[in-house]
Amino acid sequence: MRNRGILLGAGVLRWVGYLALWIALIGLDPLDLVVGGFAAAVATWASLRLLPVGVHPVRPAALPRLALRFLGQSVSAGIDVARRAFSPSMPLQPGFLLYPTKFRRGPARNAYASITSLLPGTLAVRDDEQGLLYHCLDLTQPVAAELAVEETEVARALPGAPS
């Protein structure tokens, strides 16, 4: 019975989150809310099937710091790419970098790859046994060092991840 309560609580929390995202994107029109409620229910059902409750726990206290860092990296990456796009004379040395992450393959590693793809000029393009392969706009930058810092930050938020 306890598991059912946990599942119900997680479902309600996810549904509210999806509905809040819908409202932020679409607005508060009554008809839109009906459609949004249905869409949130479908998204909740899919998320509970694809990411079961309790399988991939996080440390809630570490999430605000990670979210702020994520936001900052996202803004920084956008500015960096725009600056490079509007300044063609800016030197670039594009290429690939294999980063041997300590994360095991799975959801935590996928989260890490997604977050690190927002570092300025990097994009995770492959995940294999050797690590994550990143496409980088400028290999003269300290990309590996930045990836190591992000690995530590993400590991703080995910129990069971490398520290």
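Is Asp 127 buried, partly exposed or exposed? I began my entries with this residue and took up the rest of the chain afterwards.

**Entry 1. Asp 127 and its partner**

I worked throughout on a predicted model. I looked up the accessibility of Asp 127 and found a relative accessible area of 24%, so the residue is partly exposed. I then looked for the partner of its side chain. Asp 127 and Arg 105 form a salt bridge, with 3.4 Å from N to O. Arg 105 sits in the loop between β1 (95-99) and α4 (107-116), whereas Asp 127 belongs to strand β2 (residues 122-128), so this pair ties together parts that are 22 residues apart in sequence. I noted Arg 105 as partly exposed, because its relative accessibility is 47%.

**Entry 2. Other salt bridges**

I recorded a general point before going on: side chains of opposite charge can pair when their charged atoms come close. How many salt bridges does a search of the whole structure find? I counted eight in the search result. Salt bridges with shared partners link Arg 105, Arg 109, Asp 127 and Glu 129 into one network.

I looked next at Arg 126 and Asp 128, whose side chains meet in a salt bridge of 2.9 Å, N to O. Arg 126 is partly exposed at a relative accessible area of 42%, while Asp 128 counts as buried at 13% relative accessibility.

I also examined the salt bridge between Asp 80 and Arg 83, which I noted at 2.7 Å, N to O. These two residues are three apart in helix α3, so about one helical turn separates them. Asp 80 has 8% relative accessibility and therefore counts as buried, the cut-off being under 20%. Arg 83, by contrast, is partly exposed, with a relative accessible area of 43%.

**Entry 3. Helix α3**

I turned to the helix that holds this pair. α3 has 24 residues, and I found 34 Å from its first C-alpha to its last, close to the 34 Å expected at 1.5 Å a residue. Which residues of α3 are buried? I listed Leu 66, Gln 73, Ala 77, Asp 80 and Arg 84. The buried residues of α3 pack against α4 and α5.

**Entry 4. α3 against α5**

I looked up the geometry of this packing. Helix α3 (residues 63-86) and helix α5 (residues 143-157) pack at an angle of about 145°, and their axes are 9 Å apart. I recorded the crossing of α3 past α5 as left-handed.

Which residues make the contact? On the α3 side I found Leu 63, Arg 65, Leu 66, Arg 69 and Gln 73. On the α5 side I found Val 149, Glu 150, Glu 153, Val 154, Arg 156 and Ala 157. By type, the residues of this contact comprise five nonpolar, one polar and five charged.

**Entry 5. Tyr 112**

I selected Tyr 112, a residue of helix α4. Its relative accessible area is 0%, so I entered Tyr 112 as buried. What does Tyr 112 touch, apart from residues up to four places away in sequence? I found Tyr 99, Thr 101, Phe 103, Leu 132, Tyr 134, Leu 147, Glu 150, Glu 151 and Val 154. For Glu 151, 39 residues away along the chain, I noted a C-alpha separation of 7.0 Å from Tyr 112. Glu 150 and Val 154 also take part in the contact of α5 with α3.

**Entry 6. Trp 15**

I then went to helix α1 (residues 2-26), where Trp 15 is found. Trp 15 is partly exposed, as its relative accessible area is 32%. Leaving aside neighbours within four places in sequence, I found Trp 15 in contact with Gly 37, Ala 40, Ala 41 and Thr 44. Its C-alpha atom is 8.8 Å from that of Val 42, which lies 27 residues away along the chain.

**Entry 7. The whole chain**

I closed with the overall picture. The chain has five helices and three strands, in the order α-α-α-β-α-β-β-α along the sequence. I noted that its C-alpha atoms fill a box of roughly 55 × 40 × 25 Å along the principal axes. Of the 163 residues, 28% count as buried. I looked last at contacts between residues at least 6 apart in sequence, and 68% of these join residues at least 24 apart.

Key:
Residues numbered from 1 in each chain as written. Predicted model: local features only at pLDDT ≥ 70, side-chain atom pairs only at ≥ 80, totals over all residues. Heavy atoms only, no water. Axes fitted to C-alpha atoms, helices over the stretch in contact; angles between N-to-C directions. Helix = DSSP H or I, 4+ residues; strand = E, 2+ residues; numbered from the N terminus. Left-handed = near helix turned anticlockwise from the far one by under 90°. Contact = heavy atoms within 4.5 Å. Nonpolar A, V, L, I, M, F, W, Y, C, P; charged D, E, K, R; others polar. Salt bridge = Lys/Arg side-chain N within 4 Å of Asp/Glu carboxyl O. Buried < 20%, exposed > 50% of the residue type's maximum accessible area, 1.4 Å probe, protein only. Expected span 1.5 Å × (residues − 1).
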